Amino acid sequence: MTTLSAPPDAAQAASPAPRRAVRLRHPRLPFSPWHLLLAPMALLFAVPLIWLALSSVMSNAEINRFPPALWPSHLDLGGYHYVLGNAMFPRWFANSFLVSLVTVTANLVLGTLGGYAFARMRFAGSRLLLATMAIPFQLTMIPTFLVMRQLGLIDTLGALIVPSLVTPFSVFLLRQFFLSLPRELEEAAWIDGCSRLHVLWRIVLPLSRPALSTVAVLTFLSTWNDLTWPLIAINHDTQYTLQLGLTTFQGQHHTQWAAVMAGNVITVVPVLLAFLGAQKSFIQSITSTGLKG
């Protein structure tokens with residue numbers, strides 16, 4: 001007896017079709033989910049800066065009003081006219097720029113030499129010298145003032161420049177970065193007959209641009225915004241820095257708040273430009289140095 005078998009196509013049609021696994025695709029955000037947390041925090045930190053910019057175009061009456069005005073009723077540039085019309089303001093700006101420029105240049109040169117020495121050389125007291133980072137400036141303020149007075153630099157821009165020619169922070173940051181560089185590159189250059197300074201100039205420094213940018217930005221920020229030391233070392237208004245000159249707009253009985261706000265806006269602009277210009281190098285340097293000992 002012959003058994004008739006169904007054709008292959010009919011058998012496949014009769015059998016139930018296998019179920020396909022359906023994957024639910026979650027909608028992808030065009031940005032990182034972390035931005036949902038970081039964006040409100042960034043806005044929170046930007047509120048004082050936004051209010052500073054808005055207050056600079058208000059009148060003194062609006063700034064002193066209670067409750068304070070959150071938005072100017074009209075554009076008032078009286079504060080900017082008062083600041084820019086001050087005959088000493090360009091001199092204060094030039095003083096701050098000169099002090100910051102010399103300090104940044106000196107920290108890049110001397111900090112590089114010191115950081116490379118601490119990273120690649122072993123000598124007695126090297127760890128102790130790096131520990132000076134833990135000493136606050138308030139403890140060395142009086143000895144520094146006495147030294148500057150003996151040198152005859154009080155009430156001159158030299159009193160602001162000399163104590164900051166090299167800072168422990170710049171030496172430490174560059175040392176940390178140099179430790180992250182492979183020694184094999186330097187050893188290969190030594191085999192080719194390069195001296196240590198030649199290796200530093202030709203091999204190490206081109207690889208250290210992120211760290212150098214970070215030192216330049218942070219040194220510029222600290223020098224440009226410094227008020228405590230200029231307040232002690234400078235007496236004559238022709239030697240005032242920008243931060244010290246802005247305090248003259250505040251009197252015992254009356255304060256030109258519109259001028260104070262406008263002057264602070266003008267002061268903040270170079271700081272923002274310096275940070276935004278070196279932001280990528282700054283982040284790269286921080287991530288590369290890390291916490292390596």
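A residue is termed buried when its relative accessible area is under 20%. At 10% relative accessibility, arginine 120 therefore counts as buried. This criterion serves as the starting point for a reading of the structure, which is a predicted model.

In the protein as a whole, 34% of the 293 residues fall into the buried class. The area that the protein exposes comes to about 19100 Å², and carbon and sulfur atoms supply 68% of that area. The secondary structure comprises 16 helices and zero strands. Among the contacts with a separation of 6 or more, 75% join residues that lie 24 or more positions apart.

Arginine 120 also takes part in the one salt bridge that the structure holds. Its side chain meets that of glutamate 186, with an N to O distance of 2.9 Å. The pair connects distant parts of the chain, since arginine 120 belongs to helix α5 (residues 89-120) and glutamate 186 to helix α10 (residues 183-191), 66 residues apart. The partner, glutamate 186, has 2% relative accessibility and so counts as buried as well.

Helix α9 offers a further view of burial. This helix covers residues 168-180, 13 residues in total. From its first C-alpha to its last, α9 reaches 19 Å, close to the 18 Å expected at 1.5 Å a residue. The buried residues of α9 include a run from Leu173 through Leu174, Arg175, Gln176, Phe177 and Phe178 to Leu179. Ser170 and Val171 are likewise buried in this helix.

Key: Residues are numbered from 1 along each chain as its sequence is written. This is a predicted model: local features need pLDDT of at least 70, side-chain atom pairs count only at pLDDT 80 or more; totals for chains, interfaces and linings use all residues. Side-chain values use heavy atoms; hydrogens and water are left out. Helices (H or I, at least four residues) and strands (E, at least two) are DSSP runs, numbered from the N terminus. The expected span of a helix is 1.5 Å times one less than its number of residues. Buried means under 20% relative accessible area, exposed over 50%, partly exposed in between (1.4 Å probe, protein chains only). Contact means heavy atoms within 4.5 Å. Accessible areas come from the Shrake-Rupley method with a 1.4 Å probe; for residues, only the protein chains shown count as cover. A salt bridge is a side-chain nitrogen of Lys or Arg within 4 Å of a carboxyl oxygen of Asp or Glu.
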